[in-house]
Amino acid sequence: MIMNKFSNNIIYVLDFDGVICDSIDECMLTTYNSFKDTNIINISDVPSHFRKYFYEYRYHVRPAKEYFLLCKAFTDNIDLSTSNFEEFRKLYEYEMNNFESIFFQKRLELKKNIKLWLSYHKIYEHANKFISSMTDRIFILTTKDYDSVNILASHFGFIKKVEDIFSREISSEKAILFEYLFNKHKSLLNSKRIVFVDDNEFHLASVRQFPIQLYFASWGYAKTQKFNKFKEINSFMEIV
């Protein structure tokens with residue numbers, strides 16, 4: 001996946017879900033199937049009160065195993081604040097790890113109907129235009145699985161624009177993913193400008209130690225920042 005030409009002006013490192021692609025419906029459906037051990041394939045068959053809760057609190061989740069915490073809080077009828085979400089993370093590590101393996105198995109089952117699975121994803125239109133027009137180097141750094149990112153990037157027609165993908169198979173920690181990125185592409189450290197765009201402020205905070213400019217994508221799942229003040233953008237064009 002090598003681009004044909006570089007401008008060498010800016011290196012773009014992009015999160016995937018909530019920055020390039022809106023996958024909230026697929027993640028909600030896979031989460032419900034994983035927690036309830038069902039095999040529902042239609043969004044409308046998921047109880048509306050679960051859908052509403054998931055859409056409201058999705059922004060808390062970083063790696064997929066944390067979807068378990070949404071389900072647990074939903075079952076316990078808890079309004080999920082950042083503080084009790086962090087407390088849940090400490091209490092349910094074992095359950096989260098078990099849930100994670102089920103989650104990706106359920107995703108594989110959904111993918112058997114690939115056309116239906118793809119229909120649960122939408123690319124942000126301004127992201128599509130931005131990536132399609134770029135001659136700068138673009139990398140994807142995500143806690144999503146590689147296969148899903150690769151399939152979706154191909155489906156939406158921008159896979160050839162992406163130089164490399166660093167995904168959950170390496171780590172669910174963004175700082176570790178950046179270490180792999182810089183170890184594999186050592187010349188990046190000589191770049192004049194590297195930007196990283198994510199819609200999760202905690203992901204951005206975790207990579208402050210790297211020589212990169214950090215941007216919070218306001219169009220993603222979180223919408224606003226609660227604890228940090230990273231540069232907030234409403235469109236990729238605000239970076240250029």
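**View 1. The second largest cavity in the predicted model.** The second largest cavity holds about 140 Å³. Its lining is made up of 15 residues. Those closest to the centre are Y59, H60, N200, E201 and F202.

**View 2. Helices beside the second largest cavity.** Two elements, α4 (82-91) and α10 (201-205), each give two or more residues to the lining of the second largest cavity. Of the elements, α4 gives the most, with 3 residues.

**View 3. Residue classes around the second largest cavity.** Which classes make up the lining of the second largest cavity? Nonpolar residues number 6 and charged residues 5. Another 4 are polar.

**View 4. The largest cavity.** The volume of the largest cavity is about 210 Å³. Its lining takes in 24 residues. Nearest the centre lie D17, R58, R62, Y67 and T143.

**View 5. Helix α5 at the largest cavity.** Helix α5 spans residues 93-111. This helix gives the most to the lining of the largest cavity, with 3 residues.

**View 6. Residue classes around the largest cavity.** The lining of the largest cavity has 10 nonpolar residues and 10 charged ones. Polar residues add 4.

**View 7. Both cavities in the whole structure.** How many cavities of 30 Å³ or more does a search of the whole structure find? The search finds 2. The largest has about 210 Å³ of space, and the second largest about 140 Å³. R58 is among the residues nearest the centre of the largest cavity, while Y59 and H60 are among those closest to the centre of the second largest.

How values were computed. Residues are numbered from 1 along each chain as its sequence is written. This is a predicted model: local features need pLDDT of at least 70, side-chain atom pairs count only at pLDDT 80 or more; totals for chains, interfaces and linings use all residues. Side-chain values use heavy atoms; hydrogens and water are left out. On a 1 Å grid over the protein atoms alone, a cavity is a set of points where a 1.4 Å probe fits but cannot get out, and a pocket is an open set with protein on both sides within 12 Å along at least five of seven lines; lining residues have an atom within 4 Å of a point. Grid points are joined across faces, edges and corners, and a volume is the space filled by probe spheres set on the points. Helices (H or I, at least four residues) and strands (E, at least two) are DSSP runs, numbered from the N terminus. Ala, Val, Leu, Ile, Met, Phe, Trp, Tyr, Cys and Pro count as nonpolar, Asp, Glu, Lys and Arg as charged, and the others, Gly among them, as polar.
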